[in-house]
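Hello,

Here is the structure I promised to pass on. Please open it first, then read my notes below.

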Amino acid sequence: MPTVAQSQSSTETDWVSRFADDVIAESERRAPGKPVVVASGLSPSGPIHLGNLREVMTPHLVADEIRRRGHTVRHLISWDDYDRYRKVPNGVPGVDESWAEHIGKPLTSVPAPAGSAYPNWAEHFKATMTAALDELGVEYDGISQTEQYLAGTYREQILHAMRHRADIDAVLDRYRTKKDPAAGGAPGKGRKPQQKKADEAELEAETGSGAASEDDGSGGSAGYFPYKPYCGNCEKDLTTVTSYDDESTELNYTCTACGFAETVRLKEFNRGKLVWKVDWPMRWAFEGVIFEPSGVDHSSPGSSFVVGGQIVREIFDGVQPIGPMYAFVGISGMAKMSSSKGGVPTPADALKIMEAPLLRWLYARRRPNQSFKIAFDQEIQRLYDEWDSLERKVADGSVLPADAAAYARAIGTAAGELPRTPRPLPYRTLASVADITAGAEDQTLRILSELDPDNPLTSLDEARPRLDRAENWITTQVPAEARTIVRDEPDKELLGSLDDQGRESLRLLLAGLDSHWSLDGLTTLVYGVPKTLAGLEADAKPTPELKAAQRSFFALLYRLLVSRDTGPRLPTLLLAVGADRVRRLLGA
């Protein structure tokens, strides 16, 4: 198996290597002798979907390449579990509109969905993502922002931000829509209602860590404050700072939700957090992040990444990470994913129907700025065909360098190879067999052992975990009306209506069953019958007339076997039905 280093011809064809070069050089410039730090952020505000996974896979692949080169690297994943609970997502089992009463609380203070084994909302949604990352071979250091804030880890950074609140306000003000003085507003302060809605839409769209959780902290008659306390009574962040003294750090706030008011000393108070557009750059400086990607929405003026670059430099004396804007990830047949809308596929969902190396490959083979779709529909069969073709090219040495690099990154990490299927039979074949047998293991083994009589499968374990993924795809993603049900009895009416050519085509097929009883043999047979009827040689090139005759013959077989015009690939279907039953259904 080629290594990544052996596979790449140049960094021009391998985006991961190019970024690894840049990150190593930047780390040596900023922090020589220290571990390279890359970062991701995930907000467990609901199901963490496959679009969010790009936030992790992009730095993971770069970090893994850096490890392969012998450098020490830390991949930080910040769980933004101290963000506010913004809305009740749709389509989440065990959740109803009663969860709306928790809007404004930290995610770790919101109850988990009914029936969950986890102590709160954040831990419930973190758990499935953590398991998926483990299966994908992602090595990382997880950081709970709830734990960080409640432990007072960022106390000095918070006090620093409060001392420099006017400077932060000035940076943010460069991007706020100015009010028209003639309309009664002070120039340079506040946002028009339509701009506020636009800002909220932008925050809603961003897929980076915590991006949708907060505004920039503006508002309140006492001036601008980049810090939001969580209410000491109702736990919500619907609070307004009414005064703050820099010397004593005495802070007064009131809660607009419950009317509670409180005076605290910020140098001793931990129940609150910096607003998002200040929090993110603060952490860049605090953690020394060299590389962190961000969603394409961050490229807009006033977005968190753009503003954060100025705040980290001007306020926290730090440097913005390098990193690409990454494009959206879609699902075949679905619009752009949004966690708040619910019902979107997660990495855990994808790993139920595809093996981890395949899912890794989808993220490794595309540059971050290229969008792509993940197939949950019939396209998954074509995707697996493409993957198997790539494996054959790797084996025979005909693979292109960039494709070889993506393949090497897909099947393993610097720590070693990921678990793989010992005998990777075609996914579409396994799906067809699972469809026809309804998961009956004895029948499945019989059919799969007949695919290649010269090298028969002796145990289903040889075909796992790919077999299990194909079975899951059939049972969870294929509609019931599209499932294959083999007829119990011959269709006597259809058999009786056949003309001489139709009857002869069936005779030729049945006559060749025994001598062609393998996947390759039956493929040759079903394509060869129409050639024989047309007086052509077995190796005759397809013509429009021949293709039409083959389609007509295939449709006849499908109608006689499964009462439809289409179905699983005929060679697989014939093997699954069995020779004796095929003979009976075809009127032998």
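**The sheet**

Strand 5 and strand 6 run antiparallel, and five bridges join them. One pair to look at is tyrosine 244, which stands opposite leucine 251 in strand 6. Keep in mind that this is a predicted model.

Strand 5 and strand 6 also make a hairpin, with five residues between the strands. Threonine 249 in this hairpin takes a positive phi near 60°.

Next comes strand 6 with strand 7. Strand 6 covers residues 250-255. Five bridges join strand 6 to strand 7, and the two run antiparallel. Two residue pairs help to place them. Glutamate 250 has arginine 265 of strand 7 as its bridge partner. Threonine 254 has alanine 261 of strand 7 as its bridge partner.

This pair of strands forms a hairpin too, with five residues between strand 6 and strand 7. In the turn, glycine 259 has a positive phi of about 85°.

How do the strands fit together? The three strands make an open sheet in the order 5-6-7, with antiparallel pairing. Which are the edge strands? They are strand 5 (239-244) and strand 7 (261-265), and each pairs on one side only. From one strand to the next, the twist averages 25°.

As background, strands of a sheet pair through backbone hydrogen bonds, either parallel or antiparallel.

**The helix pair**

Now to two helices. Two packed helices are described by the angle between their axes and the distance between the axes.

Helix 12 spans residues 356-364, and helix 14 spans residues 401-411. Their axes come within 8 Å. They cross at roughly 140°. Why are helix 12 and helix 14 called oblique to each other? Angles over 145 degrees would count as roughly antiparallel, and 65 to 115 as roughly perpendicular. The crossing at roughly 140° fits neither range, so helix 12 and helix 14 are oblique. The crossing of helix 12 and helix 14 is right-handed.

Which residues make the contact? From helix 12 they are Pro357, Arg360, Trp361 and Ala364. From helix 14 they are Ala406, Tyr407, Arg409, Ala410 and Ile411. By class, the contact of helix 12 with helix 14 has seven nonpolar residues and two charged ones. It has no polar residues.

Best wishes

Notes: Residues are numbered from 1 along each chain as its sequence is written. This is a predicted model: local features need pLDDT of at least 70, side-chain atom pairs count only at pLDDT 80 or more; totals for chains, interfaces and linings use all residues. Side-chain values use heavy atoms; hydrogens and water are left out. Axes are lines fitted to C-alpha atoms, for helices over the stretch in contact, and angles run from 0 to 180 degrees between N-to-C directions. Helices (H or I, at least four residues) and strands (E, at least two) are DSSP runs, numbered from the N terminus. Angles under 35 degrees count as roughly parallel, over 145 as roughly antiparallel, 65 to 115 as roughly perpendicular and the rest as oblique. A crossing is left-handed if the near helix is turned anticlockwise from the far one by less than a right angle, and right-handed if clockwise. Contact means heavy atoms within 4.5 Å. Ala, Val, Leu, Ile, Met, Phe, Trp, Tyr, Cys and Pro count as nonpolar, Asp, Glu, Lys and Arg as charged, and the others, Gly among them, as polar. Two strands pair if DSSP finds at least two bridges between them.
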